[in-house]
Amino acid sequence: MLKPGGHVFLASNTFLSQLVFTSLIEGGLEFRSIIIRLVQTLRGGDRPKNGEREYPYVSSLPRGRHEPWGLFRKPLPPGMTVSECLRKFGTGGLQRNYDGKPFGDVIESKRTPTYERRIAPHPSLKPQTYLRKLVHAVLPLGQGLILDPFMGSGSTVAAAEALGITCIGLEYNTEYYKMSLEAIPKLAVFDTAVWKKGVSTRPLL
Ligand SMILES: C[S@@+](CC[C@H](N)C(=O)[O-])C[C@H]1O[C@@H](n2cnc3c(N)ncnc32)[C@H](O)[C@@H]1O
């Protein structure tokens, strides 16, 4: 369903990324980059089990301080340039930030705020501030349709809604789906004016 030149963001972690990224590449998508979401995770940093006193200065695994998100693109038709793809399909690139700077591959983030988790108590809820950056970037001309095939509580749909972008979400867990119906409108309006004011120097297209 993805248009040629369309982009895919894939949430991951350091263990799984090598497997799922490879699968998407074997499935025909181009690997474009890894977006580092800087966030302290609960993984790693521990001393060796049952050897904590013996090896107090050893960690068996680095303490997780980021989430790697894969960025992929459906290949452009042979010989087509990005400019031609933008003209024909409205895809091929990423939209720059509101301040005109390029979308970067490191994004400062925090754990999802408590008030968002109260609205949408899904175990892997992502913060609106972070998702809004992605949904803004993924449509280079600000036009088109986003699909989140694993929407959970609908946080991506809400982020798109907040920016006036249409997004379709799919979720097979009935409980999460019902949660999303209530959560999307609440997450979408939350802090929208403040957020846009903070990052925006030009109006949305
Ligand atoms: C990591 S969570 C998404 C969390 C979401 N980003 C949020 O912030 O709430 C992935 C979701 O995909 C759903 N899921 C897994 N397999 C699915 C499938 N085949 N079709 C639709 N949803 C699926 C799970 O039930 C889960 O809620």
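Buried here means under 20% relative accessible area, exposed over 50%, and partly exposed in between.

**Figure 1. The whole chain, as a predicted model.** With that cut-off, buried residues account for 38% of the 205 residues in the protein chain. The C-alpha atoms fit in a box of roughly 65 × 40 × 35 Å along the principal axes. There are 7 helices and 6 strands, and from the N terminus they come in the order β-α-β-β-α-β-α-α-β-α-β-α-α. If you take the contacts between residues at least 6 apart in sequence, 70% of them link residues at least 24 apart.

**Figure 2. Where domain 1 meets domain 2 in the protein chain.** Domain 1 covers 1–93 and domain 2 covers 112–199. Their C-alpha centres sit 20 Å apart. Domain 1 puts 11 residues into the contact, and domain 2 puts in 8 residues.

**Figure 3. His-7 and the residues around it.** His-7 belongs to strand 1, which spans residues 7–10. Its relative accessibility is 11%, under the 20% limit, so His-7 counts as buried. What does His-7 touch, once neighbours within four places in sequence are set aside? The partners are Leu-2, Arg-32, Leu-71, Phe-72, Arg-73, Gly-92, Gly-93, Leu-94 and Val-138.

**Figure 4. Gln-128, in helix 4.** Helix 4 is made of residues 128–138, and Gln-128 is in it. Gln-128 has a relative accessibility of 3%, so this residue counts as buried too. The Gln-128 side chain gets to the backbone oxygen of Ser-155 at 3.0 Å. Ser-155 also turns up in the contact list of Gln-128, along with Glu-116, Ala-158, Ala-159 and Leu-187, once residues up to four places away in sequence are left out.

**Figure 5. Helix 6, from its start to its bend.** Helix 6 runs over residues 174–189, 16 residues in total. From first C-alpha to last the helix reaches 24 Å, close to the 22 Å expected at 1.5 Å a residue. At its start, a side-chain oxygen of Asn-173 comes to within 2.9 Å of the backbone nitrogen of Glu-175. Further along, helix 6 bends by about 40 degrees at Ala-183, with a proline, Pro-185, following within four residues. Which residues of helix 6 are buried? They are Tyr-176, Met-179, Ser-180, Ala-183, Ile-184, Leu-187 and Ala-188. For reading that list, keep in mind that an α-helix has 3.6 residues a turn, so residues three or four places apart point the same way. Leu-187, from the buried set, is also one of the residues that Gln-128 touches.

**Figure 6. Pro-149, in a loop.** The loop holding Pro-149 connects strand 5 (145–148) to helix 5 (155–162). Is Pro-149 buried or partly exposed? Its relative accessible area is 37%, which falls between the 20% and 50% limits, so Pro-149 is partly exposed. Pro-149 and Glu-171 are 22 residues apart in sequence, while their C-alpha atoms are 6.9 Å apart in space.

**Figure 7. Two cysteines, Cys-85 and Cys-167.** Cys-85 has a relative accessible area of 0%, so Cys-85 is buried. Cys-167 is buried as well, with a relative accessible area of 12%. How many disulfides are there when a pair of cysteine sulfur atoms has to lie within 2.5 Å? The count comes to 0 disulfides.

How values were computed
Residues numbered from 1 in each chain as written. Predicted model: local features only at pLDDT ≥ 70, side-chain atom pairs only at ≥ 80, totals over all residues. Heavy atoms only, no water. Disulfide = S-S within 2.5 Å. Buried < 20%, exposed > 50% of the residue type's maximum accessible area, 1.4 Å probe, protein only. Helix = DSSP H or I, 4+ residues; strand = E, 2+ residues; numbered from the N terminus. Contact = heavy atoms within 4.5 Å. Expected span 1.5 Å × (residues − 1). Bend = angle between axes of the 7 residues up to and from the residue. Polar contact = N/O pair within 3.5 Å; in protein donor to acceptor, adjacent residues only side chain to side chain. Domains from an automatic or database assignment.
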